[in-house]
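Let's work through some short exercises together, each followed by a worked solution. Keep the sequence and the 3D view open as you go.

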Amino acid sequence: MEAANKTTCSITVLGMTCAGCVRIVEKSLMQVDGVKFAAVNLATSTAFAVLDKPVPLEVLEEAIRRAGYQTSRERPLDAERKRYQAARRNMAVAVIAMIPPTVLMGFHMAGHHVPYAVWINLVCGTAAIFAAGAGVLKSSWIALSHGHANMDVLVALSALAAWLTCALEAAGFHIPSFGMLAPMIVTLHLIGRYIESRLRDRAAREIRALLTIQSKDARLVSDDGVTTTVPIELLQPEQVIRVMAGERIPADGQVLTGTGSVDEAMLTGEPIPSAKSAGDDVTGGSVLVSGQLDVQVTHVGEDSFLSQIIAIIQEAQGAKIPIQAFADRVTGAFVPLVAGLAVIAGVFWLLTGDRFYSFLDAARQYLPWVTSLRSPGDLALFAFLSTLLIACPCALGLATPMALISATGAASRRGVIIRNAEAVQTLGSVSVAVLDKTGTLTLGRPEVVWHNLPDDALSTVASIEAASSHPLAKAISALCPDVRPASDVSEEAGQGVSARVDGCLWVIGRLISKRLPEVQEQLALGRTVVQVTKDGQPIGLIALQDPIRPGAKEMVSRLIDQGVQPVMATGDNDAAAERVARAVGISEWLSEVRPEEKLKIVRRYQSQGHKVVMLGDGINDAAGLKGADVGIAVGSGSELAVDNADAVIVQMDQPALPDVIAVSRLSFQVIRQNLFWAFGYNFVALPLAMAALLHPLIAEAAMTLSSISVIANSSRINRK
């Protein structure tokens, strides 16, 4: 498998535990020729590389392995599931190893001496550190061998130091033993890892929900009509599959024969099944509620709509946003700083501990966990261990990625697929929304809203228009859907269609005169008017208009409530623009706008100090989408518009834009809270640990809880 002809590449990385690991992998990837940019996400265990030339995937994986970490070709969710299972297994072993020392500590505090206690503590500590905690030791060695320190280094040093005191006591040395702390330190750390992994596993449930709607098998139809059940992995484009009522559609395709109602709620958010017949497109993963369809496969595997949606979500979750750069710089220096502070605390108590016994005695009256040790050497080791354990760069490293996972997941549930993670941060500060009209605020499918044709002419007009593929012709032919298309129909661009029926020449198209009162009335309403003539004589008029999208008015209203100014920009005439703008509640609109002018409109608002989000669906919107601070494309729009957008709205019938703005604002609020508490916790706890006012077990528990609190706080985005 190669990354050839790709501009981006995502790789699952195994073994990372903190922000320090992230920096090592990023640095190693950036040294690969052809890698323009690399970002690694701790929360998703994903490395994301932007390439400026084809680079084999094996080369990128080798760079990660040189950094000391492993890669996986499994889907990220499968790797996450295995990591969760390993965390649960290691935690169980550590808990079992911790029970005897905990019981012994209870007897010791009650004044009872248990024979061979030191050997029991030594054996249990060995099992906890070198069996259950083997991953912690490996991660520590990888970090140290690459010249940096991570959270596992702090845990490993403190656990090994406590275990070493127990080993020395067992060997006959007369030193205070902290052996009972060794398995407790490792166990509390692994419990925290397990809870983190479990919460991460739950945070990805939106993607797993998408994966579960994929069908496993398909009913393949041969040329002679015989059906054979095959795995969907064997499907190829152009093959024909048969779908029965109640089954999931195995792959993207186009209906060849049959009719049915398809439930696309999991993909579009639309609860009402869509009627499908020959010529209609269907999406893999949707459910055929009723009927039977023969479908010609168009996209399979990674090219399918569902696979692309999953890849986009995972890519966005694995990327970084600007605020994370600050946290990354801090965590880069944090672990070495903590190690230095731990040494300073140890040296301080070793040299001056006997002068501060009264201070500890006074503190113990208010803080019962303050140590009763009264030897400078004992206090030095105690303060050293506490300072190592209290620090929590994990909370800093998880503060932004976990919120980003929750935000992109919440957005996908509302029908918005985030393609650029930076949009999550930027969306919260937008103050102007430039909205396209056709296909965005309207359905983009004209409908006949008025006509004055005689009844006997209606079927003839419909039969003539049925032979044309023009959008207006399709709307007119829908007046009589059961008629047969007329023969010998000619079509002239800008003029309309014509045909001879029963010897008479019928023409449907451009107005002969705009002065007629009926024409003036319809044009004033922003409608498109076509005229029907028979042998040169006017027969009647037909007025069409593009219906307003369901939810468009609610979307505009909510944008205004959020303090975002909606502006409509359309290439349509002013009457049509005014009709739509007033119908949805927009007070500012620009009509007859050329494609290149949409970008100028975006730039004008940006020059006034506004952050601009643009919503569009057509090729004419591509430049504006690219130039806006955040460009959002409608999923049913052109490929060019989607490719130039930062996000894609799969279903426009819901007010998804204000929803995702709300998600962005909440996620940024959560990120700030996460960083505040992570910094605040360390700011308060580190001085207490250096002053020997925190017990190492309390320090380890507090460290674990700080990481869990960051993940739990991030999950509020999903709940709200």
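## Exercise 1: Salt bridges

In this predicted model, R65 and E62 form a salt bridge, with their closest N and O atoms 3.5 Å apart.

**Task.** Where do R65 and E62 sit relative to each other in helix α2, and are they buried or exposed?

**Solution.**
- Step 1: Find helix α2, which covers residues 57-66. R65 and E62 are three residues apart there, so about one helical turn separates them.
- Step 2: Check the surface. R65 has a relative accessible area of 34% and is partly exposed. E62, at 35%, is partly exposed too.

**Task.** Now turn to R582 and E578: what separates them along helix α20, and how do their accessibilities read?

**Solution.**
- Step 1: Look at the side chains, which meet in a salt bridge at 2.8 Å, N to O.
- Step 2: Place the pair in helix α20 (residues 574-584). R582 and E578 are four residues apart, which means a separation of about one helical turn.
- Step 3: Read the accessibilities. R582 has 57% relative accessibility and counts as exposed, whereas E578 is partly exposed at 27%.

**Task.** Which elements does the salt bridge of K598 and D436 link, and are its two residues buried or exposed?

**Solution.**
- Step 1: Start from the distance between the side chains, 2.9 Å from N to O.
- Step 2: Locate the partners. K598 lies in helix α21 (residues 595-607) and D436 in strand β13 (residues 432-436). With their positions 162 residues apart, this pair links distant parts of the chain.
- Step 3: Apply the cut-off for buried, under 20% relative accessible area. K598 has 1%, so K598 counts as buried. D436 has 5%, so D436 is buried as well.
- Step 4: Put the pairs in context: a search of the whole structure finds seven salt bridges.

## Exercise 2: Two helices in contact

**Task.** How are helices α19 and α24 oriented, and which residues make their contact?

**Solution.**
- Step 1: Recall what to look for. Two packed helices are described by the angle between their axes and the distance between the axes.
- Step 2: Take both values. The axes of α19 (residues 552-561) and α24 (residues 656-690) come within 8 Å and cross at roughly 30 degrees.
- Step 3: Classify the angle. α19 is therefore roughly parallel to α24, as angles under 35 degrees count that way.
- Step 4: List the contact residues. α19 contributes M555, R558 and L559, and α24 contributes L657, P658, D659 and I661.
- Step 5: Sort the residues of this contact by type: five are nonpolar, none is polar and two are charged.

## Exercise 3: Two residues and the whole chain

**Task.** Are M402 and S274 buried or partly exposed, and how many Å separate each from its listed partner, N713 or V289?

**Solution.**
- Step 1: M402 is found in helix α14 (residues 393-413) and is buried, with a relative accessible area of 1%.
- Step 2: Although M402 and N713 are 311 residues apart along the chain, their C-alpha atoms are separated by 9.1 Å.
- Step 3: S274 belongs to strand β9 (residues 274-276) and counts as partly exposed at 24%. From S274 to V289, 15 residues away in sequence, the C-alpha distance is 9.5 Å.

**Task.** What does the chain look like overall in secondary structure, burial and contacts?

**Solution.**
- Step 1: Count the elements: 26 helices and 24 strands.
- Step 2: Note the burial. Of the 720 residues, 51% count as buried.
- Step 3: Turn to contacts between residues at least 6 apart in sequence, of which 68% join residues at least 24 apart.

Definitions and conventions: Residues are numbered from 1 along each chain as its sequence is written. This is a predicted model: local features need pLDDT of at least 70, side-chain atom pairs count only at pLDDT 80 or more; totals for chains, interfaces and linings use all residues. Side-chain values use heavy atoms; hydrogens and water are left out. Buried means under 20% relative accessible area, exposed over 50%, partly exposed in between (1.4 Å probe, protein chains only). A salt bridge is a side-chain nitrogen of Lys or Arg within 4 Å of a carboxyl oxygen of Asp or Glu. Axes are lines fitted to C-alpha atoms, for helices over the stretch in contact, and angles run from 0 to 180 degrees between N-to-C directions. Angles under 35 degrees count as roughly parallel, over 145 as roughly antiparallel, 65 to 115 as roughly perpendicular and the rest as oblique. Contact means heavy atoms within 4.5 Å. Ala, Val, Leu, Ile, Met, Phe, Trp, Tyr, Cys and Pro count as nonpolar, Asp, Glu, Lys and Arg as charged, and the others, Gly among them, as polar.
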